[in-house]
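Here is a set of short exercises to work through with the model open beside you. Try each task before you read its solution.

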Amino acid sequence: MMDNGSRLVLEAKGIRKVYPGTIALQGVDFKAYSGSINALVGENGAGKSTLMKILAGIEYPNSGEMLLYDNEGEAEKISFNSTRDAVAKGIGIVHQELNLFSDLDVAENIFMNKERMKFGHLYIDHAAQVEEAGRVLKKLGQNIDPNTPVRDLRLGQQQIVEIAKTMIDEPRILIMDEPTSSLSIPEVQVLFSVMEDLKENHGVAIVYISHRLEEIKEIGDYITILRDSRLIDSGRVSDMEMSDIIEKMVGRDPRKFFSGQAHEMGQELLRVEDITLPRYGGGYTLDKVSLTVRKGEVLGIYGLMGAGRTELLESLMGGFDKADGKIWLEGERLDKMDMKDRLEAGLVLIPEERQREGLFLNLSVEKNLTMSSIGNYTKWFHIVKEREFESVKEIIKSISIRVASPDISISALSGGNQQKVVIGKSLLTNPKILLMDEPTRGIDVGAKSDVFEIVNSMANRGFGIILVSSELEEVYSMSDRILVLSKGKVTAEFNRSEANEEQIRKASEIGHGIE
Amino acid sequence: MTDTTIHKSKNGPSVGMILLKLRSLIAFLGVFIVFAIIAPNFMTAGNLISMAKHSAIWAILAVGMTYVIIGGGIDLSVGSVAGLCGMLAGGLIFEGLQLQLFGVIIYFHTLVIILIVLLIGVLLGSINGLLVTKLGVAPFIATLGLLYMARGFALLRSGGKTFPNLVGDPALGNTGFPRLGSGTFLNIPLVVWIAIFIGIIAAYVSRKTPIGRHVFAVGGNEDAAKLSGIRVNRVKMATYMFSGFTAALTGLILASQLVASHPATGESYELTAIAAVVLGGTSLSGGRGSVGGSIVGALILGVLNDGLVMVGVSSFWQTVIKGLVVILAVVIDQYQLKKQNEAALKLQTVSDKN
């Protein structure tokens, strides 16, 4: 961890940002040093992304000031009206989600809206773009042909293209918002070496946002911790203990955070044999996956990106016509049924992409909650309002959804509450098995522990639960039994007592060519 | 934490919000009152009845269209389907069903003819539905295709000629067809009663039954609807079949009013129906809207149509004005949606704080 020649390049003081109804930042200070990796950590909703959006000129602060220091240490007050202003001052941002046009090639993506022109402004000089893109990619240590369409690249390579997009502006400050959240381990390593290179050889100040603390420990130089839209602490990473950081981030003892417990288990509920799902262009997304779930059991499924986690749950639910294999729920064969019949048999999926697959943003909280179970509140074909409302009231109470009124639009709720609505909707179908795909993704700490409480209480009431997560600790602490998937195959199975994180991680990498 | 009982928002939306929500109705009353003042013969019984008849036809088409649009689709074929169904009805009355193979001609009772034609409308709608659900054709394209085909078949049915004088023959038992379009009940045209009846049923189904709820779900988020156990394809199919039904009914009424069926009948009616739906506050992107709104939309168009004629605005300008009204309606709609979301967010934030 070298810090020769690292000096303050960017300082934000007392940044305050208010959105209608919420305060995102309450007077936060932030410093970034050149030739260093400046980590910014905090739980979801702590204000990290808002702060970075302000630094990158995407959002405008309500108060506070930003200073940029040049090589002589002279301060310049800056304020941005757009990302273009920020780019002009040498600040680039790599967003959490990929913002690429998958049908355009790499060079076209890199030069989007900054096209190199010839003949005045009449003609895009593609050859020049390809050449320059090639140079930037090489600098990033990547052997990617700039003429390749982006859809043909691996996810990790796409992330690199995203970085290359900002690199052609030669930023002095590069903001990276959770760039590793969708990468596999080898891809993460490539990204880290690129970051090392940028800071060592180009003196770039990298602002790195992550909630994976082990990464921060590995590559971070400075750290800033936010919680509940306030600055909690900042300093050198080497001066801080891991447990310290977690406690400051979460605001309570991290060991109490995961409320995992062993559950009393009954007879077998779900039996799945040889689920197979062919992949486009050969190979298998799922390769003969078998599993069982007992009454009151939480079966955790862990795997890296692309291991087939989501596809497994969707196959169980009947989402793929091409999926093959046998499924029994309490002795009843499900694999020939369509989604509605499986739902009625007692299987229900809480999807990973809440807004895209779980919610009706056009409808109220109440109508969202009862959408799967509306048939239970009818007399003949008439919806009995009172019966519907009774159920809605009950479920809102029992899983403590915070909502001003059930007839409010679902889009007004926070992510955590929206997730509870999705869970509530599935609970109202009287399921026997809950398939939960990343139920805590993108929700705040409080809602997270609520979700875990729901999982625990469901298990105690005799539901069978399959919990899929990419967060190892979550799977580890919540599950009675853990299945590890890698490349569509079950590579290991652990009981609660015998599992350890190292073994789980190892099993998840089988077939990835890492030793 | 949640010891407080849960209840629906009781202090309700603000006055401004209510006015915004009722804007279609207010616009209708506004237009109505203005014409009542400036057009001398506007308030006569004769004119009101003729306006009601015009509006009723558009309202019937618009009700079917509303279902399709809320369900996330669109049905461009309704005008042509109406035309084709009118021709089929006219043909059955005028020349009967000619079975050349057996050398016989079958003349059906008028009611049977109406039922057959309505059934054909539903079948044509199900073709749209099949194209959209099973073959994955975009609704715009599928129904555009049927728009052309149905019109073509309407022309082919008579070689482009009109079936005139559809009064039937007492000897054949197929009289009474004109009564559908020009009959009255309690001094109000049958057509208006039909529109009211269909409107009430459709509004009830969309608000108070699971299938109605499912239409909103499918239009709002198809993926989520599937995962919620809704048979998405069946729901879509049902909306197109219903739209086909209302189109056939419209075709029957138009033929009956004219006592003749002409193959060009119903041209561009699909656009009028869509305009009425949009005027009524239904979102073309699906998942949001109401049957009642569409009926008010049809009324606005009906009043504008007749009122502008009565005050002597040229038909060219009428077209321009109708276009303006539709655009204005959508602009206000967007504004309302924004305000509504802001209000909901505010309400929720207050409760988050507590």
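**Exercise 1. Find the residues that A:Met337 touches, leaving out residues up to four places away in sequence.**

Solution. Start with the contact rule: two residues are in contact if their C-beta atoms, placed from the backbone, lie within 7 Å. With that rule, A:Met337 touches A:Gly318, A:Arg342 and A:Ala345. Next, place the residue: A:Met337 lies in the loop between strand S17 (332-333) and H11 of chain A. Helices (H or I, at least four residues) and strands (E, at least two) are DSSP runs, numbered from the N terminus.

Then check its burial. A residue is buried if 20 or more other C-beta atoms lie within 10 Å of its own, exposed if 12 or fewer, and partly exposed in between, with C-beta atoms placed from the backbone. A:Met337 has 17 C-beta neighbours inside 10 Å, so it counts as partly exposed. Finally, take a long-range pair: A:Met337 and A:Ile510 are 173 residues apart along the chain, and their C-alpha atoms are separated by 33 Å.

A word on the ground rules: this is a predicted model, where local features need pLDDT of at least 70, side-chain atom pairs count only at pLDDT 80 or more, and totals for chains, interfaces and linings use all residues. Residues are numbered from 1 along each chain as its sequence is written, while chains are lettered from A and ligands numbered from 1 in the order in which they are written.

**Exercise 2. Work out how B:Leu279 is placed, and whether it is buried or exposed.**

Solution. First, the element: B:Leu279 sits in helix H12 (residues 269-279) of chain B. Second, the count: 29 other C-beta atoms lie within 10 Å, so B:Leu279 is buried. Third, the contacts: setting aside neighbours within four places in sequence, B:Leu279 is in contact with B:Ser24, B:Gly297, B:Ile300, B:Leu301, B:Val325, B:Val326 and B:Ala329. Last, B:Leu279 and B:Ile106 are 173 residues apart in sequence and 44 Å apart in space, C-alpha to C-alpha.

**Exercise 3. Describe the surroundings of strand S15 (residues 298-303) of chain A.**

Solution. Begin with burial: six of the six residues of S15(A) are buried. Now split them by face. A:Val298, A:Gly300 and A:Tyr302 are on one side, A:Leu299, A:Ile301 and A:Gly303 on the other, and both faces are covered.

Then look at the partners, bearing in mind that two strands pair if DSSP finds at least two bridges between them. S15(A) runs parallel to strand S22 (residues 464-469) of chain A, joined by five bridges, and A:Leu299 stands opposite A:Ile466. Strand S23 (residues 481-486) of chain A also pairs with S15(A) in the parallel sense, over five bridges; here A:Gly300 has A:Ile482 as its bridge partner.

**Exercise 4. Compare the length of two helices with the expected span.**

Solution. The expected span of a helix is 1.5 Å times one less than its number of residues. For helix H15 (residues 415-427) of chain A, the 13 residues should span 18 Å, and its end C-alpha atoms are 18 Å apart, which agrees. Twelve of those 13 residues are buried, including A:Val421, A:Val422 and A:Ile423.

For helix H11 (residues 232-258) of chain B, 27 residues reach 40 Å from first C-alpha to last, close to the 39 Å expected. Since 23 of the 27 residues are buried, H11(B) is largely enclosed by the rest of the structure. B:Val259, with a positive phi near 55°, follows H11(B).

**Exercise 5. Look up two residues of chain A that have a positive phi although they are not glycines.**

Solution. Recall that most residues other than glycine have a negative phi. One case is A:Asp274, with a phi of about 55°, in strand S13 (residues 268-278) of chain A. A:Asp274 is exposed, with 12 other C-beta atoms within 10 Å. Another is A:Lys487, with a phi of about 50°, in the loop between S23 and strand S24 (489-495) of chain A. A:Lys487 is buried, with 20 other C-beta atoms within 10 Å.

**Exercise 6. How many residues does each chain give to the contact?**

Solution. Chain A gives 41 residues and chain B gives 33 residues. On chain A, the elements that give two or more residues are helix H11 (339-345), helix H12 (354-358), strand S20 (382-383) and helix H14 (385-398). As for confidence in the complex, the predictor gives an ipTM of 0.85 and a pTM of 0.81.
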